[in-house]
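Trainee: Could you take me through one part of this protein in detail? I would like to start from the nonpolar core and work outwards.

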Amino acid sequence: MKLVFLLLTASLLASCKQLPDGIEAVDHVDPAKYVGTWYEIVRLDHDFEHGLQKVSATYTKRKDGGLDVLNRGQDPKTGEWKEAHGKAYFVEPPNADGTYPGKLEVSFFGPFYAAYNIIALDKPYYNYVMLTGSDRSYFWILSRTPQLPYPIKAQLLAKAKELGFDTNKFIYVEQ
């Protein structure tokens, strides 16, 4: 019982710090425009994605108002595809126009949620997005297409550097 309490307390405390210091989430995200498939262009490495290429994330609407998440990636050494199924929810109430602030929590492991923050978004077209977690060790650039045009990618990389991300550790994902 004590362990359960400690895990729940740790989870609640972790979710209190939604964004890294000095970084803001976008103000307006339309869930209807956000759903669909996104291709991973750039990321910081983590155990759950280590070595994977051809990585994508597909979001679909849930009946409870959240989003289902399907992350896929291929291990280039074995050709094997790996998948992770999760769910995400906006953590703040909707704006008057029905959009949401770009702060979400995502879970791939039962009741444990992690911060998922949209810090740049191509509006109104939703062609690219830049994401972080609750600290600067989590970072992704996603695109609706497997390749992101160089000028846009360069602008996003410059913004990431300006926001304090270690761009020297970025992985450029082969699609």
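Mentor: What follows is a walk from the whole fold to the core, and then out to the loops.

Keep in mind that this is a predicted model. Start with the count of elements. The protein has 3 helices and 9 strands. Read from the N terminus, their order is α-α-β-β-β-β-β-β-β-β-α-β. So two helices come before a run of eight strands, and then a helix and a strand close the list. The radius of gyration is 16 Å, close to the 16 Å that the globule rule gives for 175 residues, so the protein is as compact as a globular protein of that length. Along the principal axes, the C-alpha trace spans about 50 × 45 × 35 Å.

Now look at how the chain meets itself. Take contacts between residues at least 6 apart in sequence: 52% of them join residues at least 24 apart. Of the 175 residues, 39% are buried.

That brings us to the core. The largest nonpolar core holds 20 residues. Which of its members touch the most other members? They are Y34, Y59 and I118. Several strands feed this core. Strand 2 (53–61), strand 3 (67–74), strand 4 (81–90) and strand 5 (103–109) are among those that each supply at least two residues. Strand 6 (112–121), strand 7 (128–132) and strand 8 (139–143) also supply at least two each. The largest share, 3 residues, comes from strand 6. Apart from this core lies another one, of 19 residues. Its members include L19, I23, L44 and F139.

Go back to Y34 and trace its contacts. Leave aside its neighbours within four places in sequence. Y34 is then in contact with V29, Y59, L67, Y116 and I118, among others. Its list also includes Y126, V129, L131 and R144. Notice Y59 and I118 in that list. Both were named with Y34 as core members that touch the most others.

Next, follow the contact with Y126. Where does Y126 sit? Its place is in the loop between strand 6 and strand 7. Is Y126 buried or exposed? Its relative accessibility is 4%, and buried means under 20%, so Y126 counts as buried. The backbone here deserves a look too. Most residues other than glycine have a negative phi. Y126 has a positive phi of about 60° although it is not a glycine.

P124 lies in that loop between strand 6 and strand 7 as well. Most peptide bonds are trans. The bond that joins K123 and P124 is cis, with omega about 10°. P124 has 46% relative accessibility, so it counts as partly exposed. In sequence, P124 and K33 are 91 residues apart. In space, their C-alpha atoms are 8.9 Å apart.

There is another positive phi to find. K54 has one of about 50°, and K54 is not a glycine. This residue lies in strand 2. At 37% relative accessibility, K54 counts as partly exposed.

Now step to the loop between strand 1 (36–43) and strand 2, where G51 has its place. Its relative accessibility is 35%, so G51 counts as partly exposed. Beyond its neighbours within four places in sequence, G51 is in contact with R43, D45, Q74 and P76. G36 is 15 residues away along the chain, and the C-alpha atoms of G51 and G36 are separated by 24 Å.

F48 is found in the loop between strand 1 and strand 2 too. Is F48 buried or exposed? It has 53% relative accessibility, and exposed means over 50%, so F48 counts as exposed. F48 still has contacts further along the chain. Not counting residues up to four places away in sequence, F48 touches Y138 and W140. F48 and A84 are 36 residues apart in sequence, yet 9.0 Å apart in space, C-alpha to C-alpha.

Finish at the surface. The accessible surface of the protein comes to about 10100 Å². Carbon and sulfur atoms account for 58% of that area. As for charge, there are 20 positive and 21 negative side chains. The centres of the two sets lie 2 Å apart.

Note on methods: Residues are numbered from 1 along each chain as its sequence is written. This is a predicted model: local features need pLDDT of at least 70, side-chain atom pairs count only at pLDDT 80 or more; totals for chains, interfaces and linings use all residues. Side-chain values use heavy atoms; hydrogens and water are left out. A nonpolar core is a set of buried Ala, Val, Leu, Ile, Met, Phe, Trp, Tyr and Cys residues joined through side-chain atoms within 4.5 Å. Buried means under 20% relative accessible area, exposed over 50%, partly exposed in between (1.4 Å probe, protein chains only). Helices (H or I, at least four residues) and strands (E, at least two) are DSSP runs, numbered from the N terminus. Contact means heavy atoms within 4.5 Å. The radius of gyration is taken over C-alpha atoms; the globule rule is 2.2 Å times the number of residues to the power 0.38. Accessible areas come from the Shrake-Rupley method with a 1.4 Å probe; for residues, only the protein chains shown count as cover. Lys and Arg count as positive and Asp and Glu as negative; His and the chain ends are not counted. The place of a charge is taken as NZ of Lys, CZ of Arg, CG of Asp or CD of Glu.
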